[in-house]
Amino acid sequence: MSQSTATSQQAADAILLDSRPPQGCWSEFDYLWLTDHCTRLVEFADGCIEELPVPTDSHQSILTSLFRLFDQLVRPQGGVALVAPLRLRIPNGRFREPDLMLLLDAADPRRQDRYWLGADLVAEVVSPDDPERDYAEKRSDYAEVGIPEYWIVDPRGPSITVLTLDRDRYADHGPCAPGDVATSATLDGYEVAVATVFQARPTP
């Protein structure tokens with residue numbers, strides 16, 4: 001992408017965001033239109049949009065490492081793993097953009113082109129601007145849509161917390177630190193050394 005093209009897109013993003021409806025007055029149509037035309041990461045809940053922080057090198061390095069581990073497992077078995085930006089629709093017209101989403105069957109009808117209607121596993125790399133978003137708000141949203149497993153990958157520990165759905169809420173299996181092995185209930189027999197996920201993290 002040329003410098004002029006990048007600048008034009010940034011200017012377009014600014015215009016789109018400046019012309020937005022007041023918070024609390026957004027519709028699902030408004031949100032989808034905005035995110036179809038804007039390159040920013042934006043989530044939607046209760047008539048409000050939230051612009052997510054631009055991912056850092058550290059965030060993307062960890063996410064890429066995690067994606068490779070899951071992709072190598074599920075793709076040969078007919079599954080699919082994808083990373084953000086990709087929208088996930090929550091009941092009542094809310095939308096999240098998980099860092100990683102996975103389906104065991106690539107032909108699963110929940111895999112829609114414009115946005116997914118569910119997943120078998122999601123993962124978030126915790127952002128330092130608002131950890132509560134990943135630990136509490138998204139935990140509630142992902143349980144509501146019925147996602148069986150949620151991985152919270154926190155660079156601050158570092159640690160990985162694997163949550164599994166028990167009826168309508170997640171059971172917390174505790175943070176796994178480097179030296180531990182994180183195991184999946186959804187992916188039968190799958191386990192990953194926590195240190196492997198964080199080894200790509202750059203040294204400041």
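In the next few minutes I will go through the helices, the cores, two hairpins and a few individual residues of this model, which is a predicted one.

Let me start with the chain as a whole. The protein chain has 5 helices and 12 strands, and of its 204 residues, 44% are buried. If we take the contacts in the chain with a separation of 6 or more, 52% of them are between residues 24 or more positions apart.

I turn now to the helices, beginning with α2, residues 28-37, where Y31, L32, L34 and T35 are buried. These residues cover an arc of only 160° around the axis, and therefore they lie on the same side of α2.

Next comes α3, which runs from 57 to 74. Its 18 residues, at 1.5 Å a residue, should span 26 Å, and because the end C-alpha atoms are 26 Å apart, the expected and the computed values agree. The buried residues of this helix are H59, S61, I62, L63, S65, L66, F70, D71 and V74, and they pack against β3, β6, β7, β8 and α5.

That brings me to the question of which residues touch the most other members of the largest nonpolar core. They are F70, W151 and I160, in a core of 23 residues. At least two residues of this core are supplied by each of α3, β6, β7, β8, β9 and α5, and the largest share, 5 residues, comes from α3. Looking at F70 itself, and not counting residues up to four places away in sequence, we find that F70 touches L100, L102, L121, W151, L187 and Y190. There is also a second, separate core of 18 residues, which includes V80, L86, L88 and V126.

Staying with the end of α3 for a moment, I would point out G78, which lies in the loop between α3 and β3. G78 has a relative accessibility of 35%, so the residue counts as partly exposed. Leaving aside neighbours within four places in sequence, G78 is in contact with L104, D105 and A106, while the C-alpha atoms of G78 and A107, which are 29 residues apart along the chain, are separated by 8.4 Å.

The helix I would like to spend a little longer on is α4, residues 131-144. Where does α4 bend, and by about how many degrees? The bend is at K138, and it is about 40°. As for the span, 14 residues at 1.5 Å a residue should give 20 Å, and the end C-alpha atoms are indeed 20 Å apart, which agrees. K138 is also among the buried residues of α4, together with P131, R133, D134, D141, Y142 and A143. After the helix we come to G146, whose phi is positive, near 85°.

Is D141, in this helix, buried or exposed? Its relative accessible area is 5%, and because buried means under 20%, D141 counts as buried. Apart from neighbours within four places in sequence, D141 is in contact with I90, R94 and R96.

K138 turns up again in the surroundings of E97, a residue of the loop between β5 and β6. E97 is buried too, with a relative accessible area of 6%. If we do not count residues up to four places away in sequence, E97 touches Y31, L41, V42, E43, A84, P85, L86, R87, E124 and K138. In that list, Y31 is one of the buried residues of α2, and L86 is included in the second core. For P85, the C-alpha atom is separated from that of E97 by 6.1 Å, with the two residues 12 apart along the chain.

Finally, the two hairpins. Strand β1, residues 42-45, and strand β2, residues 48-51, pair in the antiparallel sense over 4 bridges, and A45 stands opposite C48 in β2. There are 2 residues between these strands, and D46 takes a positive phi near 55°.

The other hairpin is formed by β9 and β10, the latter being residues 169-176, which pair in the antiparallel sense over 6 bridges. Here the bridge partner of D166 is R169 in β10. This hairpin has 2 residues between the strands, and R167 takes a positive phi near 65°. I would also recall that β9 is one of the elements that each supply at least two residues of the largest nonpolar core.

Note on methods. Residues are numbered from 1 along each chain as its sequence is written. This is a predicted model: local features need pLDDT of at least 70, side-chain atom pairs count only at pLDDT 80 or more; totals for chains, interfaces and linings use all residues. Side-chain values use heavy atoms; hydrogens and water are left out. The expected span of a helix is 1.5 Å times one less than its number of residues. The bend at a residue is the angle between axes fitted to the seven residues ending there and the seven starting there. Buried means under 20% relative accessible area, exposed over 50%, partly exposed in between (1.4 Å probe, protein chains only). The arc is that of the directions from the helix axis to the C-beta atoms. A nonpolar core is a set of buried Ala, Val, Leu, Ile, Met, Phe, Trp, Tyr and Cys residues joined through side-chain atoms within 4.5 Å. Contact means heavy atoms within 4.5 Å. Two strands pair if DSSP finds at least two bridges between them.
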